[in-house]
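Q: Could you take one part of this model and walk me through it slowly? I am in my first year, so please connect the part to whatever surrounds it.

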Amino acid sequence: MPPIHFVAKTKVPPGLRPRLRQALAALLLELGYSDHALTVIFVSDREIRRLKHQHWGEDAPTDVLSFPTFEPGDPFLPPHLGDVVISLETAQRQAQAQGHSLETEVRILAAHSLWHLLGHDHTSEREWQGFHRVQERILSL
């Protein structure tokens, strides 16, 4: 099982971490990254806004940020894909607006961030299709 680490800088509902760990581990295995670590950090809106301002120069909240640490082919870096930072406050609002659970929203955000950590974007139709496949897969796990 890939090492998936969690950091909680805000209150995390019971059961969310183990189910997310299981889904992310299965997804990493399917994508061929089962030997790479991943860190998921749960924060408040205030904290994610601070991070976005610090790293992107934008003073606005967001739902998820990706901080990649993996460089393909670099033998000196540890096999850590990066950090996924999720605002649970924003995730909860988005879940309510979409009519699904917080867990579903967190899985969607984690898949989105993982897609970026693996070096992908969604600027083309092909990239969007790949992202949607990853999103659908994590929701089915």
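A: **Starting from one residue**

V106 counts as buried because its relative accessibility is 0%, and the cut-off for buried is under 20%. Keep in mind as we go that this is a predicted model.

Let's place V106 first. This residue sits in helix α4. The helix is made of 16 residues, and the distance from its first C-alpha to its last is 22 Å, close to the 22 Å expected at 1.5 Å a residue. V106 has plenty of buried company there: 13 of the 16 residues of α4 are buried, so the helix is largely enclosed by the rest of the structure. After α4 comes G119, a residue with a positive phi, near 95°.

Now, what does V106 touch? If we set aside neighbours within four places in sequence, its contacts are L16, L20, F42, I86, L88 and A91. You can also look along the chain towards Q135: it is 29 residues away from V106 in sequence, and their C-alpha atoms are separated by 11 Å.

Two of those contacts, L16 and L20, lead us to helix α1, where both are buried, along with A23, L24, A25, L27 and L28. α1 covers residues 16–31, which makes 16 residues, and it reaches 22 Å from its first C-alpha to its last, close to the 22 Å expected at 1.5 Å a residue. Here too a glycine with positive phi follows the helix: G32, near 85°.

Another contact, I86, is worth a stop. Leaving out neighbours within four places in sequence, I86 is in contact with V40, I41, F42, V43, I48, D63, V64, A91, V106, L109 and A110.

Step back, and these residues begin to form a picture. The largest nonpolar core contains 30 residues, and those with the most contacts inside it are L20, L24, V40, F42, I86, L88 and V106. At least two residues of this core come from each of β1 (4–8), α1, β2 (37–43), β4 (80–87), α3 (88–98), α4 and α5. The helix we began with, α4, gives the largest share, eight residues. Apart from this core lies another one, of seven residues, including I41, V43, L51 and L65.

Helix α4 has a second role in our picture, as part of a pocket wall. The largest pocket holds about 290 Å³ of space. Its lining has 16 residues, and nearest its centre lie D63, V64, L65, H112 and H116. Two or more lining residues come from each of α2 (45–56), β3 (64–68), α4 (102–117) and α5 (125–140). Once again α4 supplies the largest share, this time five residues. Sorted by class, the lining has six nonpolar, six polar and four charged residues.

Finally, let's visit two of the other helices that help line the pocket. G130 is found in helix α5 and is buried, with a relative accessible area of 3%. In sequence G130 is 10 residues from H120, and in space the two are 8.8 Å apart, C-alpha to C-alpha. R50 belongs to helix α2 and is partly exposed, at a relative accessible area of 42%. The C-alpha atoms of R50 and A60 are separated by 8.2 Å, with their places 10 residues apart along the chain.

So here is the thread to keep: V106 is buried at 0% relative accessibility, it lies in α4, and α4 gives the largest share both to the largest nonpolar core and to the lining of the largest pocket.

Definitions and conventions. Residues are numbered from 1 along each chain as its sequence is written. This is a predicted model: local features need pLDDT of at least 70, side-chain atom pairs count only at pLDDT 80 or more; totals for chains, interfaces and linings use all residues. Side-chain values use heavy atoms; hydrogens and water are left out. On a 1 Å grid over the protein atoms alone, a cavity is a set of points where a 1.4 Å probe fits but cannot get out, and a pocket is an open set with protein on both sides within 12 Å along at least five of seven lines; lining residues have an atom within 4 Å of a point. Grid points are joined across faces, edges and corners, and a volume is the space filled by probe spheres set on the points. Helices (H or I, at least four residues) and strands (E, at least two) are DSSP runs, numbered from the N terminus. Ala, Val, Leu, Ile, Met, Phe, Trp, Tyr, Cys and Pro count as nonpolar, Asp, Glu, Lys and Arg as charged, and the others, Gly among them, as polar. The expected span of a helix is 1.5 Å times one less than its number of residues. Buried means under 20% relative accessible area, exposed over 50%, partly exposed in between (1.4 Å probe, protein chains only). A nonpolar core is a set of buried Ala, Val, Leu, Ile, Met, Phe, Trp, Tyr and Cys residues joined through side-chain atoms within 4.5 Å. Contact means heavy atoms within 4.5 Å.
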